[in-house]
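Welcome! Please open your viewer, load the model and get ready to click along.

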Amino acid sequence: SAGERATLAAMAARDPQLRLVEYASLDAGQLLFNQRPAGRRTPLFADQALRVALSAAVDRATAVRAVLDTLGHVGLGPVTRADATADTTLRHIAFDTAAAGRALDALGWRWNAARTVRERAGRPLAFDVLVPAVSRTRMQLAVVLQAQLARVGARVGVDAVEPGVFAERLARGDFDAALHVVRNDPTPATLRQAWGTVRGDDPG
């Protein structure tokens, strides 16, 4: 975080043998929408139009700045800008809460009488985001996303669990949505392993 950088910079300033060096990271984080949840979970995110509408409600730049200050960037799909194959011309779903609201209306997700959450056929537009409790960055980001999505009528809970539980539930597909981070290798092979068609039958 910016605070940690300031602390390290102060330490380096006190010791002439230390020098602060910043380098690009290959860590890429995503909010995963589970299209095929395990157990009794209803597949809320099987609807692509719903996933797009909620994505339009997320102000990525503000979220990254709020949590990472200048130490993070909005992702380029599943890669980082440090990746040799990064395509900086890729365009995200535009941040537009008005468009997100219209899309949700069209999908039948309407505000309830109290305007506290959207509902469809009596079901609230509500889901939990699975987060490893030890990750301060992801915990903070989950709260930011919670507030942003609330503006368009989605009720988001933060499901904070221990790292082992997080990994096990992610592998099993036992989650609604999850904040996941992948540490890529500096080779396109990593992307094929994680995002290629061979992974199409993975849970979620």
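This tour goes from the whole chain to one small sheet.

Before you select anything, note that this is a predicted model, where local features need pLDDT of at least 70, side-chain atom pairs count only at pLDDT 80 or more, and totals for chains, interfaces and linings use all residues. Residues are numbered from 1 along each chain as its sequence is written, and side-chain values use heavy atoms, with hydrogens and water left out.

**Stop 1: the whole protein.** Show it as a cartoon and look for seven helices and seven strands. Helices (H or I, at least four residues) and strands (E, at least two) are DSSP runs, numbered from the N terminus. Tracing from that end, you meet the elements in the order α-β-α-α-α-β-β-β-β-α-β-α-β-α. The C-alpha atoms fill a box of roughly 65 × 40 × 35 Å along the principal axes.

**Stop 2: inside and outside.** What share of the 204 residues is buried? The answer is 33%, where buried means under 20% relative accessible area (1.4 Å probe, protein chains only).

**Stop 3: the open sheet.** Now select residues 110-111, which form strand 2, and 123-124, which form strand 4. Both are edge strands, each pairing on one side only. Add strand 3, residues 118-120, to complete an open sheet of three strands, with order 2-3-4 and antiparallel pairing. Two strands pair if DSSP finds at least two bridges between them; strands 3 and 4 are joined by two.

**Last stop.** Zoom in on E119 and find P124 of strand 4 standing opposite.

Terms used: Buried < 20%, exposed > 50% of the residue type's maximum accessible area, 1.4 Å probe, protein only.
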